[in-house]
Amino acid sequence: MIEICSKCGNHEWDKEIIGDKLCCPKCGAEWKFISMPLFILTGCSGVGKTTTAIEIMRKKVDFVVLDADIFTCFVNWNDEESCDNWVEAIVNISKDIMQSGKPVLWTMAGCLDRLTKAYNSRYFSEIMCLALVCEDEELRKRMQEGRGITDENWINGSCDYNRYFMEHDSLGDTNFETFDITNKEPGEVAEYVVEWMKENYKG
């Protein structure tokens, strides 16, 4: 929405970023644009992203918390273009929200490697990712007892993804930090994430 030119009506994704302004290449009009980091809270299925996000919202923080799963009903995970469109929608909405002066934190498990490739990623000053991780035994407990998951393929897949986060610091061109929540309460994890955002955003 913010990229639509109010002077000539140009709604194409072709605006130039010049300092703190957007410029329409068709008519030359310029308008104010706020750029800030995009924050992603990631991790494998069942690790506690949603629980943490709920705790964060209860703190009434001065940023927007959203769950990328709200769009998953429109995604065909076996189709590359569909996955790209999903990520594009996430970053597109985020760039509009941050015009209110508030950064955005998404909970998002997959497609991290597509974030930096999204066209609208150019609107952010940086993409910051924090992966929640925990020990395998704790993850299994969270999935089986906390969420009632009995599918071993699902559980094993999550454990593999969890280990990837523990053993690496990037996925494609997207870098991430990690935070081990094995022995942490939801409130503690939420507080850590809030402080992590404050350290990386000086608004």
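**Exercise 1. The sheet**

Task: In this predicted model, determine the strand order of the open sheet of five strands, and explain which strands stand at the edges.

Solution: Begin with the order, which runs S5-S6-S4-S7-S10 with parallel pairing. Next, look at the ends of that order: strand S5 (64-67) and strand S10 (177-180) each have a single partner strand, so one side of each is left without a neighbour in the sheet. From one strand to the next, the twist averages 20°. For a closer view of one pairing, take strand S4 (residues 38-42) and S7, which pair in the parallel sense over five bridges; Leu 41 has Leu 130 of S7 as its bridge partner.

**Exercise 2. Helices on the sheet**

Task: State which strands H1 touches and which strands H5 touches, and then describe how the axes of the two helices cross.

Solution: H1 packs on the sheet, where it touches S4, S5, strand S6 (104-107) and S7, and its direction makes about 155° with that of S5. H5 also packs on the sheet, touching S4, S6, S7 and S10, with its direction at about 160° to that of S7. For the pair itself, the axes of helix H1 (residues 49-58) and helix H5 (residues 186-200) come within 8 Å and cross at roughly 70°. Since angles of 65 to 115 degrees count as roughly perpendicular, H1 and H5 are therefore roughly perpendicular to each other. On the H1 side the contact is made by Thr 51, Thr 52, Glu 55 and Ile 56, and on the H5 side by Pro 186, Gly 187, Val 189, Ala 190, Val 193 and Val 194. Sorted by class, this contact has six nonpolar, three polar and one charged residues.

**Exercise 3. The two pockets**

Task: Describe the volume and lining of the largest pocket, and then those of the second largest pocket.

Solution: The largest pocket has a volume of about 660 Å³ and is lined by 29 residues, with Cys 44, Ser 45, Gly 46, Lys 49 and Ala 109 nearest its centre. H1, helix H3 (136-146) and H5 each supply at least two residues of this lining, and the largest share, four residues, comes from H1. By class, the lining divides into 12 nonpolar, 10 polar and seven charged residues.

The second largest pocket has a volume of about 160 Å³, and its lining includes Thr 116, Ser 121, Asp 173 and Phe 176. Strand S7 (127-133) and strand S9 (174-175) are the elements that give two or more residues to this lining, and S7 gives the most, with three residues. The classes here are four nonpolar, four polar and two charged residues.

Terms used: Residues are numbered from 1 along each chain as its sequence is written. This is a predicted model: local features need pLDDT of at least 70, side-chain atom pairs count only at pLDDT 80 or more; totals for chains, interfaces and linings use all residues. Side-chain values use heavy atoms; hydrogens and water are left out. Axes are lines fitted to C-alpha atoms, for helices over the stretch in contact, and angles run from 0 to 180 degrees between N-to-C directions. Angles under 35 degrees count as roughly parallel, over 145 as roughly antiparallel, 65 to 115 as roughly perpendicular and the rest as oblique. Contact means heavy atoms within 4.5 Å. Ala, Val, Leu, Ile, Met, Phe, Trp, Tyr, Cys and Pro count as nonpolar, Asp, Glu, Lys and Arg as charged, and the others, Gly among them, as polar. On a 1 Å grid over the protein atoms alone, a cavity is a set of points where a 1.4 Å probe fits but cannot get out, and a pocket is an open set with protein on both sides within 12 Å along at least five of seven lines; lining residues have an atom within 4 Å of a point. Grid points are joined across faces, edges and corners, and a volume is the space filled by probe spheres set on the points. Two strands pair if DSSP finds at least two bridges between them.
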